[in-house]
Amino acid sequence: MDESALERYFDESIIHDSNFVLEEELELQGPQRVLSSTPSALRPSQLAPKSGATGKSGDDLDLSFLPDELGGQNEPGFSSTAPELSQDSGVSLDCSALVSAADRPLQRTPAAELSTAASPFCVMTPMTPMTPMTPVTEGSGIVPQLQNIVSTVTLGCPLDLKFIARQARNAEYNPKRFAAVIMRIREPRTTALIFSSGKMVCTGAKSEEESRLAARKYARVVQKLGFSARFLEFKIQNMVASCDVCFPIRLEGLVLTHQQFSSYEPELFPGLIYRMVKPRIVLLIFVSGKVVLTGAKERAEIYEAFENIYPILKGFRKQ
Amino acid sequence: MIKVLNIQAPTFSVTDVMEAHCQEYKVSLGHVPEELAEDSKGLTKRAIALVELAADSWIVTGRQPLPIMMAAVYLAWQSLKPNAQRLKMSLEKFCKLAKVQKSKTAGTRITEMKGMLYKLGKEIPWYKEVLTPDNVVSLVGDILQHRFSLLRRALKSHELSLLEKCPAGQVNSSSAETSSSSEVSEHAGQTPAKSSVNAEKQKQAGVGDESLKSPSEESNPQTQELTQNWGKRVLFAPPCVVNAKRKRAERPPLHVTGDEEISDSEIESYIRTPQEARDFAMMQEKLFTSNNESS
């Protein structure tokens, strides 16, 4: 008895997680047309919550962790969510993959419960055996390495750059050339531009945490020099990464098929400049197969951009 | 900008510009002695064929087009009548003769093209003498005429040489090889139009490269050094890969959380001692005054 209750608890939490994941995907993909499958899904889902609720309450499960909306979502929200859900089979397949990953030995009522609880998000008929689905595309197996992070921070007080240049060992200041102090620290090896307004730019770190630590060290140096510096509004402005796909790429072919995104001018620059729209990342693609990605504010954008471009580049290799 | 002006920048290939470029070279009968003269049409045709071959072997992608065109015209001119006089004439002299300004990188392109022609020329069965990249120019005509079959043979022999080096399971390679050779024979049968030649040859080269890589990649999946220079294992690879420069030593990755404690001693190491600061100020003054005096 306890075991089945435990299983149901786990399934509930899995669905809970998949809800969040799927909601995000739904927002991205936008509402789609209603397919004919939804009316059939409607009825069982409307019946199921009641049976599900009785089943749940009968087992004395602690459902306080479940959000209140889960039960309510099935009825009023359903008609609006259904159009959004009758979408890419990819989403419903993902859901079924998540659900089947729970390793269900019993398929009858739990399956019905699961499918109905999940039905706002998956267009499935209940009582269908859920076979695990392999992901549609495999990952590339290559991880872009971060090469440079640019971040800014506000120190919150005006600074005397001449004083800083006199007192700090690692600073250079040439007001005729540039209106900021250039300061460097050894660990993490970075460079900072410190302006008289109290704003600072930190470059050269290889990870977000390194950049933050370096910025804090610079702020400390300025503090020790006697200014009332604080560490406000730390923000990563740009991330640059690079990787190698290990096969040559026909740039002339790529520019023909992806004209609206690519710009390839061998007279000016040997690489192809690919401006990806989503996520908004610029990729420099070279004939050697090396790819540079830049313009990201988050690490995930870089990974996403590379996963987007890899199948395109692979397609070019086979041709 | 393109969107604002609502135009579309035309993408062109080197072959389109070749004809106009070849016209610049003043090597027709009127301008130079008969032995060195060459008909512009024949010259253009051969130069275009050379550029197409170069494009397939990754010499063209990513490079400035002018040196490639110059190298192609030079080699075409040499190969159309490969007598001693022409072969001895260097690129510089040729450019002076043709009243064209020489470009520095054309020399590198010539070397690369000769290397590519040498790889193909090696497969010519009726050439009994020793072939080097230098005397391959005399064979260019034959190479261009039989380029498809020569390419096929070169790929085959390259694969055989790879097999000798690493005799791991090569079932995949043989199937890939037959597929590539069937494609090659299919294309060799057709009378190619100019653009289709490009596409076909690209396909062949692409497939050939891939079939070559799969056996070597399979047999050495883990060794990082080999994957780092996959260019050395393939018959034709972009020169930047084959001559890969050594990477500078990478920094070991720091594992930081960003919120660590920052030791005072570290920060103090970045700040001058009062004595140091005074010395520095004095030195600056001295420099400043001496500068003023001298200027």
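## Where the two chains meet

Put chain A and chain B together and about 4,300 Å² gets buried between them, with carbon and sulfur atoms giving 52% of that area. Buried area here is the accessible area (1.4 Å probe) that two parts lose on being put together, summed over both. This is a predicted model, in which local features need pLDDT of at least 70 and side-chain atom pairs count only at pLDDT 80 or more, while totals for chains, interfaces and linings use all residues. As for bookkeeping, residues are numbered from 1 along each chain as its sequence is written, chains are lettered from A and ligands numbered from 1 in the order in which they are written, and side-chain values use heavy atoms, with hydrogens and water left out.

The contact (heavy atoms within 4.5 Å) takes in 43 residues of chain A and 45 residues of chain B. Five salt bridges are counted between the chains, each being a side-chain nitrogen of Lys or Arg within 4 Å of a carboxyl oxygen of Asp or Glu. K217(A) makes a salt bridge with E266(B), and their closest N and O atoms are 2.8 Å apart. Across the interface there are also 20 residue pairs in polar contact, both residues at pLDDT 80 or more. A polar contact is a pair of N or O atoms within 3.5 Å; within protein, one must be able to donate a hydrogen and the other to accept it, and residues adjacent in sequence count only if both atoms are side-chain atoms.

## Chain A's side of it

Five elements of chain A each supply at least two residues to the side that touches chain B: α7 (161–167), β3 (180–185), α8 (208–224), α9 (251–257) and α10 (299–318). Helices (H or I, at least four residues) and strands (E, at least two) are DSSP runs, numbered from the N terminus. The most comes from α8(A), with nine residues. Sorted by type, chain A's side has 18 nonpolar, six polar and 19 charged residues. For that sorting, Ala, Val, Leu, Ile, Met, Phe, Trp, Tyr, Cys and Pro count as nonpolar, Asp, Glu, Lys and Arg as charged, and the others, Gly among them, as polar.

## Two loop residues in chain A

S207(A) sits in the loop between β5 (199–205) and α8 of chain A. S207(A) is buried because its relative accessible area is 8%; buried means under 20%, exposed over 50%, and partly exposed in between (1.4 Å probe, protein chains only). Its side chain reaches the backbone nitrogen of E210(A) at 3.2 Å. Not counting residues up to four places away in sequence, S207(A) touches L146(A), I149(A) and R299(A).

G139(A) is in the loop between α6 (109–118) and β1 (145–154) of chain A, and counts as exposed at 58% relative accessibility. G139(A) and N308(A) are 169 residues apart in sequence, yet 10.0 Å apart in space, C-alpha to C-alpha.

## Helices in chain B

T44(B) lies in helix α3 (residues 40–56) of chain B and is buried, at 7% relative accessibility. The side chain of T44(B) reaches the backbone oxygen of S40(B) at 2.5 Å. Leaving aside neighbours within four places in sequence, T44(B) is in contact with E19(B) and C22(B). Q145(B), in helix α8 (residues 140–145) of chain B, is exposed at 60%.

Helix α9 of chain B (residues 147–165) has 19 residues, so at 1.5 Å a residue it should span 27 Å, and its end C-alpha atoms are indeed 27 Å apart. That expected span is 1.5 Å times one less than the number of residues. Among the buried residues of α9(B) are F148(B), L151(B), L155(B) and L162(B).
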